[in-house]
Amino acid sequence: MTKALLTGIMLYLILLLEVAVAEHFVWAGMRPSFLAVTLVGWVLREEGNRRLLLAAALGLLGDCFSGGPLGVGMMLCIVSIWLVEMLNSKSRNKPNLLFQALLVMGLYLLGLNGIHMLLAGKTELWVVTLRSSLGTMVYSSLLVLGLTLVRFLLQKFWSHSSLGYAR
Amino acid sequence: MKQERASLFLIAGLMLAALLLFLAPARLEEKLKGSLRTLLRPGLVAVYWTQMQWEPSPEPDIQPELLALKTELNELKQKYHQAQGEAIRYQELLEQKKNFVEFPYRAEETRALVVPELVAARVLGQQSRQSWKQLKILDSGHTQGIKESHWVLEAHEPILDLGEDHQLQQHDLVLSGRAVLGRIEKVGRWSSTLQMLTDKDFKSKARIIRQVGQQQISGAIGLLEGTGENNCLLTMVDSEALVEVGDTIFSVDEESPQGFPLLFGTVSKAEKKPGALEWQIEVSPAITEQKLSRVEILRQTLNPIRMSAN
């Protein structure tokens, strides 16, 4: 119950970041996608039905604020989770997390923008759409890397502090 | 270590739900989107409030932009007045053409003896005006017999920096674009005084023009008189004439250079008292800017082509 409540609050905050804060992070015409970053985070951290449900919910919320039709982002999120699971099941080694992250983010961002472009009938803008999607992808990936680095450093710091305290 | 996999039934169920949402009617879609946006509103307000607290936006300096927009507005107004004047003129020519009865002999075309000409002048600023009046500027030439007209130096009206040296004459119209600002009152040797449209001694014949669609309908002719305040009165307009607030007031044909009428202003108030023979019409001048530094003077000169022909 507490976990569900925390997830709900987290979703609300991510939406706020996406809708109201992301525009302040625009750099060289690129805008980060906090939804894609969260999706990657959940794909890497969660598993099973919970991962699928979270991804679907995230996709649906993204659709509600995207200006495009409902269901597109949700479908892409489900497909990306299914693909990741397929790859994991076929791989004998430890799953490649970086590849999974890029696959999920690429599929979601390129697919979403591409479908929106097709539905709007503006196929002549494919270069612009591709550039914008790739820009968002690169920027979001850098954001993921940055966050991972911060988390890693904090964990290091925390473990050192704990050890020192234990001694 | 193998990860736990999602149920295929759940995947299929969610895909179906997504497909149904995609095919859902627009009304349902809007309702869902609207509800979510309403739900997000408190958060958005909080984010906005935090941003405002974090970095209070500095008061933007809008003065340069305002000035540029004012200049642009004035230019557009001038172009509009010009186009309006031309429309009236061409409409009149068209009317004349329609009413023209062909004569078997074609009249020989001749050139006018007197032609209108525009000269640009500057309105002297407060400091220059004082110096000019106190003869400080003229001191050097005073002893050599160079002297400005006493009438100009004594006047309280704005002073323009052109006079007899540029063949200005009393009652020459002073314009800003196609709108009348006033006229020359006293002409000195190098300077002259400007009588504004609103001056209580200003009088000029004027006509009412109403725009109906693309047509410029010429109305009654009256006498435009300054009130000494910020506006003018259009008197001697018959109570039978059609007058409305917003109608424009233009110069009459005989005072329009080559027939192109000049704008005086617009009707700001029009009243007709019961039993009165005339309208009571108040006119707001087209040029209300008090700090005009550059004007044009419409002077009459002899046609140089006619002169050279002799």
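This passage walks through the helices, salt bridges, cysteines and a surface patch of a predicted model.

Chain A is a good place to start. It has six helices and zero strands, so reading from the N terminus simply gives α-α-α-α-α-α, with helices and strands taken as DSSP runs. Of the 167 residues in chain A, 43% are buried. Contacts also reach well along the sequence: among those in chain A with a separation of 6 or more, 61% are between residues 24 or more positions apart. On the outside, chain A exposes about 9,600 Å², and 71% of that area comes from carbon and sulfur atoms.

The first two helices can be checked with a bit of arithmetic. Helix H1 of chain A covers residues 2-21, and its 20 residues, at 1.5 Å a residue, should span 28 Å. The end C-alpha atoms of H1(A) turn out to be 27 Å apart, which agrees. Helix H2 of chain A, residues 34-45, gets the same treatment: twelve residues should span 16 Å, and the end C-alpha atoms are 16 Å apart, again in agreement.

How do these helices sit in the structure? In H1(A), the buried residues are Thr7(A), Leu11(A), Ile14(A), Leu15(A), Leu16(A), Glu18(A), Ala20(A) and Val21(A). These buried residues pack against H2 and H3 of chain A, and also against H2 of chain B. H2(A), for its part, is mostly covered, with nine of its twelve residues buried. The buried set in H2(A) runs without a gap from Phe34(A) through Leu35(A), Ala36(A), Val37(A), Thr38(A) and Leu39(A) to Val40(A), and then adds Trp42(A) and Val43(A).

Next come the charged pairs. Side chains of opposite charge can pair when their charged atoms come close. Over all chains, a search of the whole structure finds twelve salt bridges. One of them joins the side chains of Glu85(A) and Arg51(A), with 3.5 Å from N to O. That pair ties together distant parts of the chain, since Glu85(A) belongs to helix H4 (residues 72-90) of chain A and Arg51(A) to helix H3 (residues 48-64) of chain A, 34 residues apart. Are these two partners buried or exposed? Glu85(A) has a relative accessibility of 2%, so it counts as buried. Arg51(A) is buried too, because its relative accessible area is 1%.

Chain B offers a salt bridge within one helix. Lys33(B) pairs with Glu29(B), and their closest N and O atoms are 3.3 Å apart. Both sit in helix H2 (residues 26-54) of chain B, and because they are four residues apart, about one helical turn separates them. Lys33(B) is buried at a relative accessible area of 4%, and Glu29(B), at 13% relative accessibility, counts as buried as well.

Another chain B pair is Asp161(B) and Arg122(B), whose side chains meet in a salt bridge with 2.7 Å from N to O. Here too the link is between distant parts of the chain: Asp161(B) lies in the loop between strand S2 (159-160) and strand S3 (173-176) of chain B, while Arg122(B) lies in strand S1 (residues 114-122) of chain B, 39 residues apart. Asp161(B) counts as partly exposed at 25% relative accessibility, and Arg122(B) is partly exposed with a relative accessible area of 38%. Chain B also has a small chain of partners: Glu92(B), Arg207(B) and Asp253(B) are joined into one network by salt bridges that share partners.

What about the cysteines? A disulfide is a covalent bond between the sulfur atoms of two cysteines. Over all chains, the count of disulfides comes to zero. Cys77(A) has 1% relative accessibility and so counts as buried, and Cys232(B) is buried with a relative accessible area of 0%.

Finally, there is a nonpolar patch on the surface. Which residues make it? Leu110(A), Leu125(A), Trp126(A), Val127(A), Val128(A), Leu130(A) and Leu134(A) form this patch of about 590 Å². Helix H6 (residues 126-166) of chain A gives the most to the nonpolar patch, with five residues. Leu125(A), by contrast, lies in the loop between helix H5 (97-120) and H6 of chain A. With a relative accessible area of 37%, Leu125(A) is partly exposed.

Definitions and conventions. Residues are numbered from 1 along each chain as its sequence is written. Chains are lettered from A and ligands numbered from 1 in the order in which they are written. This is a predicted model: local features need pLDDT of at least 70, side-chain atom pairs count only at pLDDT 80 or more; totals for chains, interfaces and linings use all residues. Side-chain values use heavy atoms; hydrogens and water are left out. A disulfide is a pair of cysteine sulfur atoms within 2.5 Å. Buried means under 20% relative accessible area, exposed over 50%, partly exposed in between (1.4 Å probe, protein chains only). Helices (H or I, at least four residues) and strands (E, at least two) are DSSP runs, numbered from the N terminus. Contact means heavy atoms within 4.5 Å. Accessible areas come from the Shrake-Rupley method with a 1.4 Å probe; for residues, only the protein chains shown count as cover. The expected span of a helix is 1.5 Å times one less than its number of residues. A salt bridge is a side-chain nitrogen of Lys or Arg within 4 Å of a carboxyl oxygen of Asp or Glu. Patches are made of residues with over 30% relative accessible area and no salt bridge: like charges are joined within 9 Å, nonpolar side chains (Val, Leu, Ile, Met, Phe, Trp, Tyr) within 5 Å.
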